[in-house]
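I opened this entry to record what I looked up, residue by residue and then across the domains.

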Amino acid sequence: MSTPALSALPLDELTAQRDQALRDYEALVRRGLSLDLTRGKPSARQLDLSAGLLDLPTGHTAADGTDCRNYGGLQGLAELREIFSGPLQVPAAQLVAADNSSLSLMHDSIVHAMLGKVPGAERRWADEPRIAFLCPVPGYDRHFALCERFGIEMIPVPMDDQGPDMDVVERLAGGDPQIKGIWCVPKYSNPSGVSYGDETVRRLAAMPTAAPDFRIFWDNAYAVHHLTDTPVEIADILALCAENGHPDRVFVYASSSKITFAGAGVSFFGSSPANVAWLLGHTAKRTIGPDKVNHLRHVQFLRDEEGLAEHMRRHRDLIRPKFDAVEAILAKELGGSGLATWSTPEGGYFISLDVLEGCARRVVSRAGEAGIALTPAGATHPYGDDPRDSTIRIAPTYPELDEVELAISGLAVCVRLVGIEKLLEQAG
């Protein structure tokens with residue numbers, strides 16, 4: 001028989017539950033924990049999977065005879081682009097392999113759009129009276145930070161289990177020429193784990209937009225980061241944009257930073273031939289070429305697309321038990337309580353925990369006082385403002401499994417205490 005939600009309990013029983021939760025919390029604080037679930041970083045054991053990179057490359061010549069030690073090759077090694085072409089759904093000829101950070105490519109794309117016209121634009125974004133981006137929420141805090149950096153207005157768009165609410169997206173993008181873009185993490189979204197449905201992708205590609213230079217910032221960060229034996233497949237946004245007469249609409253981003261070495265990976269930009277030429281034309285003003293030696297070592301280490309898939313299966317073997325532990329502990333400690341719900345992602349790096357409205361900041365604060373560091377409440381929303389104050393991002397990959405178990409058990413104690421306190425407040 002299922003346990004009734006705590007909100008159904010008589011006041012005296014709820015008060016007794018609060019008293020027990022407070023005792024549990026005090027015991028948690030006395031443990032003096034120091035645990036960190038703040039960022040989605042690979043663990044040391046995951047980084048060890050790529051130790052072979054340190055012995056590579058052997059030689060310095062690319063397949064086409066390029067001397068990787070020298071200048072040039074702005075688009076990156078062709079053989080590396082071939083490896084990632086399939087997973088990113090971008091033809092190798094329309095893919096750019098750069099240095100380690102896809103965030104840098106996103107930053108530079110906005111800079112170039114501000115200071116020089118993107119294909120199809122009537123003027124530079126810097127000359128517009130106002131620039132706005134649509135921001136599906138919950139979403140990625142670094143996307144929001146980029147918007148704040150450049151004074152771009154952020155308009156929240158709710159997410160459902162198929163991606164952003166397309167009725168809202170179509171209405172906003174179709175009615176306001178100052179809305180120039182939308183942030184998308186289409187596969188295993190950060191932090192909810194949602195993967196975009198085919199109809200969502202089709203509507204993004206086909207929708208009319210008031211801005212002729214509207215861009216989809218398609219951050220496919222978790223394209224190969226699967227947690228199951230049946231990887232999620234998403235529709236081909238680049239092909240659909242072209243089919244619907246909007247070939248320049250999408251900018252695709254990704255990197256190998258959570259695949260090999262987080263600080264020494266390779267980033268990727270994919271788009272239409274016109275957009276690739278636009279990006280490389282501007283990039284040529286700031287660099288004569290990427291780190292092709294690093295490109296070559298990645299080619300020799302990963303070998304081909306199947307080698308990449310096998311490498312990611314080894315990652316999955318290390319991190320899947322951590323995701324399973326989070327699910328098991330939350331289900332045991334909070335299941336049926338009515339105090340929280342959480343995502344069960346099939347890939348990616350995060351779990352989204354939703355607590356009672358008005359409780360996320362208090363939960364994060366309580367956890368911090370108990371030595372459990374979490375991403376600040378509100379980070380999943382533009383301007384750090386979650387209007388419901390309910391969403392908490394959990395990043396379980398970096399700590400060891402026993403630390404994840406300790407941290408989630410402690411977090412559950414905090415959720416229970418704060419949630420019961422909230423119910424008692426509501427009861428008057």
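I began with tyrosine 188, which sits in the loop between β6 and α7. The model is predicted, and I read every value below as computed from it. The phi of tyrosine 188 is near 55 degrees, a positive value in a residue other than glycine. Is tyrosine 188 buried or exposed? I found a relative accessible area of 1% for tyrosine 188, and because buried means under 20%, the residue counts as buried.

I stayed in that loop for the next entry. Proline 191 also lies between β6 (179–184) and α7 (198–206). The peptide bond that leads into proline 191 from asparagine 190 is cis, and I noted an omega near 5 degrees.

I then looked up a second cis peptide bond, the one that joins valine 137 and proline 138. Omega there is about 0 degrees. Proline 138 is placed in the loop between β3 (132–137) and α5 (141–149).

Next I checked arginine 303, another non-glycine residue with a positive phi, here about 75 degrees. I located arginine 303 in the loop between α10 (292–302) and α11. Its relative accessible area is 56%, so arginine 303 is exposed, the cut-off being over 50%. Set beside this, tyrosine 188 has 1% and is buried.

Aspartate 160 came next. I found aspartate 160 in strand β4, which covers residues 153–160. With a relative accessible area of 38%, aspartate 160 is partly exposed. What does the side chain of aspartate 160 reach? I traced it to the backbone nitrogen of glutamine 162, at 2.8 Å. I also took the C-alpha to C-alpha distance from aspartate 160 to serine 192, which is 9.6 Å for a separation of 32 residues in sequence.

I turned to glycine 76, in the loop between α2 (44–48) and α3 (78–88). Glycine 76 counts as buried, at 10% relative accessibility. Which residues does glycine 76 contact, leaving aside neighbours within four places in sequence? I listed Arg81, Ala97, Pro290 and His295. For glycine 76 and glutamate 403, I noted 327 residues of sequence and 40 Å of space, C-alpha to C-alpha.

Threonine 391 was the last single residue I looked up. Threonine 391 lies in strand β13 and is buried, with a relative accessible area of 6%. I found its side chain in polar contact with the side chain of aspartate 354, at 2.7 Å. Not counting residues up to four places away in sequence, threonine 391 touches a set of residues that includes Pro138, Ser352, Leu353, Ala360 and His381. Aspartate 354 is among them too. I had already met Pro138 as the residue that follows valine 137 across a cis peptide bond.

I then moved to the domains. How does the domain assignment divide the protein? Domain 1 is given as 6–46 + 309–427, and domain 2 as 62–302. I noted that the C-alpha centres of domain 1 and domain 2 lie 31 Å apart. Their contact takes 26 residues from domain 1 and 33 residues from domain 2.

I looked up the area next. About 2600 Å² is buried between domain 1 and domain 2, and carbon and sulfur atoms give 61% of it. Which three residues supply more than any other three of the area that domain 1 buries against domain 2? I wrote down Met312, Glu346 and Tyr383, which together supply 24%.

For polar links, I found three salt bridges across the interface of domain 1 and domain 2. I also looked up the salt bridge in which the side chains of aspartate 141 and arginine 39 meet, at 3.0 Å from N to O. The count of residue pairs in polar contact between domain 1 and domain 2 is 14.

I finished with the side of domain 1 that touches domain 2. There α11 (305–334), β11 (351–355) and β13 (391–394) each supply at least two residues. Of the elements, α11 gives the most, with seven residues. By class, I recorded 11 nonpolar, 10 polar and five charged residues on this side of domain 1.

Notes: Residues are numbered from 1 along each chain as its sequence is written. This is a predicted model: local features need pLDDT of at least 70, side-chain atom pairs count only at pLDDT 80 or more; totals for chains, interfaces and linings use all residues. Side-chain values use heavy atoms; hydrogens and water are left out. Domain bounds come from an automatic or database domain assignment. Contact means heavy atoms within 4.5 Å. Buried area is the accessible area (1.4 Å probe) that two parts lose on being put together, summed over both. A salt bridge is a side-chain nitrogen of Lys or Arg within 4 Å of a carboxyl oxygen of Asp or Glu. A polar contact is a pair of N or O atoms within 3.5 Å; within protein, one must be able to donate a hydrogen and the other to accept it, and residues adjacent in sequence count only if both atoms are side-chain atoms. Helices (H or I, at least four residues) and strands (E, at least two) are DSSP runs, numbered from the N terminus. Ala, Val, Leu, Ile, Met, Phe, Trp, Tyr, Cys and Pro count as nonpolar, Asp, Glu, Lys and Arg as charged, and the others, Gly among them, as polar. Buried means under 20% relative accessible area, exposed over 50%, partly exposed in between (1.4 Å probe, protein chains only).
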